[in-house]
Amino acid sequence: MSALPYAPDSALSAEIRALAQSRDAVILAHNYERPEVQDVADYVGDSLGLSREAAQTDADVIVFCGVHFMAETAKILSPGKTVLLPDLAAGCSLASTIDAEQLRGWKAEHPGAVVVSYVNTTAEVKAESDYCCTSGNAVEVINAIPDDREILFLPDMFLGAHVRRMTGREHIHVWMGECHVHAGIDPEHINVQRAAHPDAEFLIHPECGCATPVVEAMSAGAIDPAGVHILSTEGMIKRPGESPRDEFIVATEIGILHRLRKAHPGKTFYAANDRAQCAYMKVTTLPKVRRALKTLTHEITVPSAVAARARRAIERMVAIGGSGAGPGLSGPAPAPFRTSNEDPGE
Ligand code: 13P
Ligand code: SF4
């Protein structure tokens, strides 16, 4: 699939902004959304930032321009709000790699293990978890767990390998799930782009299939670690502002290029793989955002018993680290360790 054309429509965007105001709605958009959807949003960010916005908004309605698990997370954090997903087809191949029954089976094989779920999971899986994390705070979350505890990390195997490396933990079991978009960014793409742009800094999302070989090559001295940064999507947005370099190779979903170019107009960005496009993120269009606001569809709900259990894990994620700096970089002090039997509010 090649990149979708940018389809701005100023009249439609103005209509959406007016509808949002009349509905007392906030529009949240992930960094991978279509450019014109990002431009109409009140807030654009990564999974962690969007969760935080959803938790603290005063608006009555949240229009979530992202994928289904993100809208579920917003509903769990803001149960009194109406949360809308403009297109129910906005799923996630990574979240689909594990369901609650599979997780219960895995837990039964490792009694007493602490379960850390990446935010790309269903509400039912989160309800079976002790902690959630995002790519922005996965290392800090693992560091909040005592050294001697066995950990089940799911569902992304590349992020799991990265976290294992960064924390030096031996007792981490990793679920063998992957995102088809990021797994498709492989070392060959990186070699081609680095040869074409030798002065460019290299920004990699830890879900990428290339992240593990690149880190191994760094350890072996084959790649200069100075120009390589493994970052969450929000970490990628910040990095060019801190870097003296003018060019960047970006290894993640290509929707992020719009925000990078807007935020850093004097710098140049190249996609590591210009076919790395998430079809689930791209189903949301401006006409669907308008329809969502006009008809208040599609409302996302989570059964209250599931939400109550999932909220605990999500609130720990929102509380821990995630300065946006990205995995492996330090954030605020981690919250104290608790298992799912203990309420963090107690
Ligand atoms: P971030 O948490 O970095 O926004 O990534 C979310 C995601 O879906 C990656 O594919
Ligand atoms: Fe899921 Fe991958 Fe799309 Fe992110 S890019 S939403 S992990 S399918």
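Let's start at ligand 2, whose surroundings are made up of V67, C92, S93, L94, N120, C179, V181, H182, E253, C278, Y280 and M281. Please keep in mind that this is a predicted model. From the ligand we move on to strand β1 and its partners, then to an open sheet of 4 strands, and finish with helix α1.

**Around ligand 2**

- By residue type, the shell around ligand 2 contains 8 nonpolar, 3 polar and 1 charged residues.
- Two helices, α9 (180–183) and α14 (279–282), each contribute at least two residues to this shell.

**Strand β1 and its partners**

- Strand β1 covers residues 25–30, and because 6 of the 6 are buried, the strand is largely enclosed by the rest of the structure.
- The side chains to look for on one side of β1 are A25, I27 and A29, while V26, L28 and H30 point the other way. Residues on both sides are buried.
- β1 runs parallel to strand β3 (residues 61–65), and 5 bridges join the two. If you would like a pair to locate in the viewer, I27 has V63 of β3 as its bridge partner.
- β1 also pairs with strand β2 (residues 43–45), again in the parallel sense, over 3 bridges. Here L28 has Y43 of β2 as its bridge partner.
- To get from β1 to β2, the chain passes through helix α2 (residues 35–40), and this β-α-β crossover is right-handed.

**The open sheet of 4 strands**

- As background, strands of a sheet pair through backbone hydrogen bonds, and they can do so in a parallel or an antiparallel way.
- In this open sheet the strand order is β10-β9-β11-β12, and the pairing is parallel.
- At the edges sit β10 (228–230) and β12 (268–271), each of which pairs on one side only.
- On average, neighbouring strands of the sheet are turned by 25° against each other, with direction ignored.
- Strand β9 (residues 201–204) runs parallel to β10, joined to it by 3 bridges. Within this pair of strands, F202 stands opposite V228 of β10.

**Helix α1**

- Helix α1 spans residues 10–23, which makes 14 residues in the helix.
- From its first C-alpha to its last, α1 reaches 20 Å, close to the 20 Å expected at 1.5 Å a residue.
- Just after α1 comes D24, a residue with a positive phi near 50°.

Note on methods: Residues are numbered from 1 along each chain as its sequence is written. Chains are lettered from A and ligands numbered from 1 in the order in which they are written. This is a predicted model: local features need pLDDT of at least 70, side-chain atom pairs count only at pLDDT 80 or more; totals for chains, interfaces and linings use all residues. A residue is near a molecule or strand if its C-beta atom, placed from the backbone, lies within 6 Å of it. Ala, Val, Leu, Ile, Met, Phe, Trp, Tyr, Cys and Pro count as nonpolar, Asp, Glu, Lys and Arg as charged, and the others, Gly among them, as polar. A residue is buried if 20 or more other C-beta atoms lie within 10 Å of its own, exposed if 12 or fewer, and partly exposed in between; C-beta atoms are placed from the backbone. Two strands pair if DSSP finds at least two bridges between them. A crossover is right-handed if, with the strands pointing away from the viewer, the path from the first strand over the helix to the second runs clockwise. Axes are lines fitted to C-alpha atoms, for helices over the stretch in contact, and angles run from 0 to 180 degrees between N-to-C directions. The expected span of a helix is 1.5 Å times one less than its number of residues.
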